[in-house]
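Me: I am new to this structure and would like to go through it step by step. Please show it to me before I ask anything.

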Amino acid sequence: MPRNITMDDIAAMAGVTKSTVSRYFNGGSVKESTKQRIQEITREYNYQPNAFARLKARESNVVGVVLPTLNSKITSRVVTSIGRYLREQGYEAIIKDSDHSIDLELKNIQRLITLKVDGILLSAINITDEHRELIRNSPVPVVVLAQDYDEGICVVYDDYGAGKAMGACIGRSHPDRVGYMGVDESDEAVGIARKRGVIDGLRECGVDCIREVSGDYSYESGIGMARELLDQGPLDALICATDRLAFGAYRVLEGHGLRIPEDVSVAGFGGYDESTLLKPELTTLKFDAYGLGYLGAETLLKMIREEPVPKKQIVGYRMIEGKSVRK
């Protein structure tokens, strides 16, 4: 090894990444054992980084955040929590909205990598083979939010457990006919896991007549799905994958002259503030979206600093008992 070594050489000898060496020279957070090893190498080779090289190698202190949509109460809570934590740690965020398009989501990930952010928080619509390849080959750490990712690091909601709790909540009122308003299965967490939990919760309570429809996340889709279910025959209860879909159901039931909950029970997921303004107040399930954002951001910064992190973390939820479910 020549005496005129580079940061790449130091990183190789210390068994760390170049960004860790850069962080050490710029006064950033580095594990004590790593710091001592870098110090030994620099003393042995009399390495002195020049000011220009240090500036050029400095980390961006910018994190990329990829979101399925900005038109969501849950997403706004997640983004707020991410932003607060990053600012406290001296980081900023570049936010990319995928508008529920998997193709655009993939392009957003690629764009953030090109921009040389220090890491990426990916609130994924789905984890496809293309996602796996991008994450696997990413030069920066990636933390997946809200979707299970068995090949890497993720922070998720307990969609199945929450769905089962809501299914049991409705099932205990012993409805004969239940409608479920869901979303496309391309969103595995909500479209598959949450729905499966709802159905299992209902069936454990002896409810077998369950009619399912699916659409997107919009209020208009909620209206369309509620109409479709009522066109198939009477219902005793409606379970909606999100509160926004429940808003649409309220409108349709009112238009049909049906009372909530006397004629039809209604429940949702999300715990939106607006749900308390409905008459009657909506029974809903609130996920810890702030916890998801905080844990995701905290985990990503630990990965950037090459600290150990759990492979999977699950955030909780709580039931909000409104007056829209028949007792």
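Me: Which backbone nitrogen lies 3.2 Å from a polar atom of the side chain of Ser 72?

Reply: This is a predicted model, in which local features need pLDDT of at least 70 and side-chain atom pairs count only at pLDDT 80 or more, while totals for chains, interfaces and linings use all residues. Residues are numbered from 1 along each chain as its sequence is written, and side-chain values use heavy atoms, with hydrogens and water left out. Ser 72 sits in the loop between strand S1 (62-67) and helix H5 (73-88), where helices (H or I, at least four residues) and strands (E, at least two) are DSSP runs numbered from the N terminus. The backbone nitrogen at 3.2 Å from a polar atom of its side chain is that of Ile 74.

Me: Is Ser 72 buried or exposed?

Reply: Buried means under 20% relative accessible area, exposed over 50%, and partly exposed in between, with a 1.4 Å probe and protein chains only. Ser 72 has a relative accessible area of 15%, so the residue counts as buried.

Me: Which residue forms a salt bridge with Asp 159?

Reply: A salt bridge is a side-chain nitrogen of Lys or Arg within 4 Å of a carboxyl oxygen of Asp or Glu, and a search of the whole structure finds 14 of them. In this one the closest N and O atoms are 2.6 Å apart. Asp 159 lies in helix H8 (residues 159-171) and its partner in helix H9 (residues 188-204), so the pair ties together parts that are 35 residues apart in sequence. The partner, which is buried just as Asp 159 is, is Arg 194.

Me: How far apart are the closest N and O atoms of Glu 185 and Lys 195?

Reply: Glu 185 lies in the loop between strand S6 (178-183) and H9, whereas Lys 195 lies in helix H9, so their pairing ties together parts that are 10 residues apart in sequence. Glu 185 is partly exposed at 45% relative accessibility, while Lys 195 is buried with a relative accessible area of 18%. The closest N and O atoms of this salt bridge are separated by 3.0 Å.

Me: Which strand holds Glu 212, which also forms a salt bridge with Lys 195?

Reply: Between Glu 212 and Lys 195 the closest N and O atoms are 3.4 Å apart. Glu 212 is partly exposed, its relative accessible area being 38%. Because Lys 195 lies in helix H9, the pair ties together parts that are 17 residues apart in sequence, and the strand holding Glu 212 is S7 (residues 210-215).

How values were computed
A polar contact is a pair of N or O atoms within 3.5 Å; within protein, one must be able to donate a hydrogen and the other to accept it, and residues adjacent in sequence count only if both atoms are side-chain atoms.
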